[in-house]
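Me: I have a new structure to go through and would like some help reading it. Please take it slowly, since I am still learning the terms.

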Amino acid sequence: MKQLRNAVIRAGMEALYFSGAHVLLRPIFGGVGTIFMLHHVRPPRSDAFQPNRHLEVEPDFLRRMLAHLRALDVDVVSMDEAHRRLTERNFSRRFACFTLDDGYRDNRDYALPVMREFDAPLIVYVASDFAEGCGRLWWIALERVIAAASAIEVPIDGAMTRLDTATAPAKQAAFNRMHTWLRSLPGEAEMQDAIATLCTRHGVDQTGIARELCMSWDELRAFADDPLVTIGAHTITHCNLAKQSETIAAFELATSRARIEDALQRPVLHLAYPYGDRIAAGQREFALAKKIGFRTAVTTRPGMLFPESADHMTALQRVSLNGHYQQPRLLPVLTSGAATAVWNGFRRVDAA
């Protein structure tokens with residue numbers, strides 16, 4: 001199903017490009033600005049099985065996007081500046097922000113050098129447990145479990161189910177099914193228990209993944225000293241906030257902010273919701289982020305920024321720079337607002 005979805009999205013973007021519809025739609029749906037969403041920025045891997053490939057782009061694709069924005073005379077600004085322009089209704093120039101979720105070390109090693117080439121700011125949203133080295137990046141753990149196994153047994157919907165993982169296509173199908181199952185579990189504890197059981201059974205060290213891939217506090221302190229870098233919050237544990245009680249959700253938001261501020265000795269004013277889709281962040285979470293004092297909070301709901309986005313500063317939409325769609329000809333489609341407009345049924349703001 002996910003492969004079909006990716007194929008449909010790519011076909012839709014290709015159709016917008018070759019038809020020229022993105023040019024016609026740009027004045028209507030291009031908005032006043034764009035918040036681009038990334039996770040990993042690093043050289044390509046050769047593995048046949050890469051189920052999380054959508055979460056990574058190559059440095060050269062990031063470079064091409066920045067050059068494209070410069071050719072369009074779009075200002076690349078910090079999240080503080082985006083907040084100022086939205087609240088002051090200063091839309092004399094279109095702008096773009098670059099946001100990176102989770103706090104991966106490759107953000108420092110590959111993304112920042114590219115951003116420096118263009119004197120372009122970026123914000124990295126840090127999950128404090130990842131920086132502590134004790135966080136659970138379960139989607140990567142799941143990838144590693146499946147990569148090493150020829151078959152897996154899991155209790156899906158209460159029945160022990162055997163999944164073939166002998167070939168790359170079979171591994172991808174198993175990952176898709178298990179990812180959907182894990183995210184559908186009623187609570188964070190159930191999901192983490194299921195992942196922990198899989199890791200133990202298949203010899204995957206889940207606890208080492210954060211230390212391997214994410215910047216530590218010492219690394220973040222040096223990283224944050226760069227004038228182009230802003231650090232934002234991404235909760236403590238990277239949990240699905242909507243599945244938590246209001247007390248726990250508020251604790252995740254406020255405490256992650258406090259821990260980052262204490263470690264880095266600088267204010268943390270911006271938030272990214274983990275997962276950030278409709279089943280992970282809604283009206284309650286938007287209100288909590290505002291109450292706790294975040295100036296902005298970003299979702300993963302697709303969309304550009306419009307003047308009315310200023311009324312929803314803790315429910316801002318983003319445009320994903322997705323590893324599946326790195327063709328240079330798609331850059332004008334991504335920056336036109338046409339693709340996200342079609343996806344949203346031509347609604348400009350999705351904050352409900």
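Me: Which residues does Leu-321 touch, apart from those up to four places away in sequence?
Reply: Leu-321 touches Phe-36, Met-37, Leu-38, His-54, Val-57, Phe-61, Met-65, Phe-98 and Leu-334, where contact means heavy atoms within 4.5 Å. The model is predicted, so local features need a pLDDT of at least 70 and side-chain atom pairs count only at 80 or more, while totals for chains, interfaces and linings use all residues. Residues are numbered from 1 along each chain as its sequence is written, and side-chain values use heavy atoms, with hydrogens and water left out.

Me: And how many residues are in the largest nonpolar core?
Reply: It has 66 residues, and Leu-62, Phe-98, Leu-220, Ile-231 and Leu-321 touch the most other members. A nonpolar core is a set of buried Ala, Val, Leu, Ile, Met, Phe, Trp, Tyr and Cys residues joined through side-chain atoms within 4.5 Å, and buried means under 20% relative accessible area, with exposed over 50% and partly exposed in between, for a 1.4 Å probe and protein chains only. Apart from the largest core lies another one of 36 residues, among them Leu-142, Ile-146, Leu-163 and Trp-181.

Me: Ok, new topic: how many cavities of 30 Å³ or more are there?
Reply: A search of the whole structure finds two. On a 1 Å grid over the protein atoms alone, a cavity is a set of points where a 1.4 Å probe fits but cannot get out, whereas a pocket is an open set with protein on both sides within 12 Å along at least five of seven lines, and lining residues have an atom within 4 Å of a point. The largest cavity holds about 70 Å³ of space, and the second largest has a volume of about 50 Å³, a volume being the space filled by probe spheres set on the points, which are joined across faces, edges and corners.

Me: What lines the largest one?
Reply: Its lining consists of Leu-182, Arg-183, Leu-185, Gly-187, Glu-188, Met-191, Asn-240, Lys-243 and Tyr-275. Helix 8 (168–184) and helix 9 (188–202) are the elements that give two or more residues to this lining; helices (H or I, at least four residues) and strands (E, at least two) are DSSP runs, numbered from the N terminus.

Me: And the second largest pocket, which residues lie nearest its centre?
Reply: Arg-42, Arg-45, Ile-140, Glu-143 and Arg-144 lie nearest the centre, out of 13 lining residues. This pocket holds about 220 Å³ of space, and helix 7 (residues 138–148) supplies the largest share of its lining, with four residues.

Me: Switching again, is Ser-336 buried or exposed?
Reply: Ser-336, which lies in helix 14 (residues 331–336), is buried, with a relative accessible area of 0%. Leaving aside neighbours within four places in sequence, Ser-336 is in contact with His-22, Leu-25, Arg-26, Phe-29, Gly-30 and Met-304.

Me: And Pro-27, buried or exposed?
Reply: Pro-27 is exposed, with a relative accessible area of 69%, and lies in helix 2 (residues 21–29).

Me: Last one: what is the phi of Asp-102?
Reply: Asp-102 has a positive phi of about 100° although it is not a glycine, and most residues other than glycine have a negative phi. Asp-102 lies in strand 5 (residues 95–102) and is buried at 2% relative accessible area. Asp-119 also has a positive phi, near 50°, but lies in the loop between helix 5 (105–117) and strand 6 (122–126) and counts as exposed at 58% relative accessibility.
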